[in-house]
Amino acid sequence: PCKTCSGDKDSCTSCLTGYEYDSAVKICKAICEKGYVRNSKNECVKCADASCDYCSTPLPKSCYNCVSPLYVYNQECIECRRDQGFYIEDGKCKKCSADCITCSNGSSCDTCYNGKKLYKGKCYDICPEYTCLVAKGELPVSNPLNDICYDCPENCKDCSSKNFGSCINCADGYVLHNDKCIKECPLGYTQTAVFSYGIYINECKKCSVSDCLNCTDLTNKCN
């Protein structure tokens, strides 16, 4: 492939058409078109993957650029389909995290595998504290593909998906009143521990004595 050479016949100084000069080793290397790669014999041979524009070797799984609209993943050409757990970022095909069926990016799931619950882009076995489980398709948070965890109201530890905005149990330091969590009961009510949903819940109970502004939780007598 040498066009000209110096002294030593194996030391090229210029190359024939179709070859490029490598000054470091003073040889002419074959210039390969798309879909081909240079082998150890300085010949252009087809990439193993027919969908590959450029590959590093003639062997399988050596592609680094694919025919559009395919994308490289693990040095192979694939469709990079969202419904198969892939996403595209910076022009590259990437795999969603193990829990995700579909995702928007590497850190945010859209749907989860194996009955896991979706909450803020993550998949959980059970919903975290201060959230409640919303069955897939249940309004007002519509997600036909996945159960999700929905944020409880402010200062609420446990809430019900059946009545959104309604609290079941308040965070420490708060008491339940009219489905909301407040610091202390209003006048005419007293704080009482009520057994409900399998736990004791602090809630405000109306004084039984008529026109009473303050009563105790034990005797319900007006103070």
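## A stretched-out chain held with disulfides

Buried residues make up 30% of the 223 residues in this chain. Keep in mind that you're looking at a predicted model. The chain is built with 24 strands and zero helices, and a search of the whole structure turns up 16 disulfides plus eight salt bridges. Here's a tour, starting with the overall shape and then zooming in on particular residue pairs.

**Overall shape**

- Picture the C-alpha trace in a box: along its principal axes, the trace spans about 115 × 30 × 20 Å.
- The radius of gyration tells a matching story, since the chain has 34 Å, while a compact globule of 223 residues would have a value near 17 Å.
- If you look at the contacts with a separation of 6 or more, residues 24 or more positions apart account for 17% of them.
- The chain exposes about 14,300 Å² of surface, and carbon and sulfur atoms supply 49% of that area.
- As for secondary structure, don't go hunting for helices: the count is zero, against 24 strands.

**Disulfides to look at**

The search found 16 disulfides in the whole structure; here are some of them.

- Cys-66 and Cys-77 form a disulfide, and their sulfur atoms sit 2.2 Å apart.
- That pair links distant parts of the chain: Cys-66 belongs to strand 8 (residues 63-66) and Cys-77 to strand 10 (residues 76-78), with the two cysteines eleven residues apart.
- The link of Cys-66 and Cys-77 is left-handed, with -95° about the S-S bond.
- Are these two cysteines buried or exposed? Cys-66 has a relative accessible area of 10%, so it counts as buried, and Cys-77 is buried too, with 14%.
- Next up, Cys-96 is joined to Cys-103 by a disulfide, at 2.0 Å from S to S.
- Why is the disulfide of Cys-96 and Cys-103 called left-handed? It's because the torsion about the S-S bond is about -85°.
- Cys-96 and Cys-103 are both buried.
- Further along, Cys-207 and Cys-215 are joined by a disulfide, with 1.9 Å from S to S.
- The link of Cys-207 and Cys-215 is left-handed as well, with -85° about the S-S bond.
- You'll find Cys-207 buried, and Cys-215 is also buried.

**Cysteine sulfurs that are too far away**

- What stops Cys-5 from bonding to its closest cysteine sulfur? That sulfur is in Cys-2, and the 5.9 Å between the two is too far for a bond, given that a disulfide needs its sulfur atoms within 2.5 Å.
- Cys-5 is partly exposed, because its relative accessible area is 43%.
- Cys-132 has its closest cysteine sulfur in Cys-159, 3.4 Å away, so the distance is too far for a bond here as well.
- Cys-132 is buried, with a relative accessible area of 4%.

**Salt bridges to look at**

Eight salt bridges come out of the search of the whole structure. The ones below are a selection.

- Arg-38 and Glu-20 meet through their side chains in a salt bridge, with 3.8 Å from N to O.
- This pair links distant parts of the chain, with Arg-38 in strand 5 (residues 36-38) and Glu-20 in strand 3 (residues 19-22), 18 residues apart.
- Arg-38 is partly exposed, with a relative accessible area of 31%, and Glu-20 counts as partly exposed at 40% relative accessibility.
- Lys-29 and Asp-22 also pair up in a salt bridge, their side chains meeting at 2.8 Å, N to O.
- Which side of the cut-off do these two land on? Lys-29 is partly exposed, because its relative accessible area is 24%, whereas Asp-22 counts as buried at 19% relative accessibility. The line for being buried is under 20%.
- Lys-94 and Glu-89 make another salt bridge, with 2.9 Å from N to O between their side chains.
- Lys-94 has a relative accessible area of 28% and so is partly exposed; Glu-89, at 28% relative accessibility, counts as partly exposed too.

Terms used. Residues numbered from 1 in each chain as written. Predicted model: local features only at pLDDT ≥ 70, side-chain atom pairs only at ≥ 80, totals over all residues. Heavy atoms only, no water. Helix = DSSP H or I, 4+ residues; strand = E, 2+ residues; numbered from the N terminus. Buried < 20%, exposed > 50% of the residue type's maximum accessible area, 1.4 Å probe, protein only. Salt bridge = Lys/Arg side-chain N within 4 Å of Asp/Glu carboxyl O. Rg over C-alpha atoms; globule rule 2.2 N^0.38 Å. Contact = heavy atoms within 4.5 Å. Areas by Shrake-Rupley, 256 points an atom, 1.4 Å probe, with all protein chains shown as cover.
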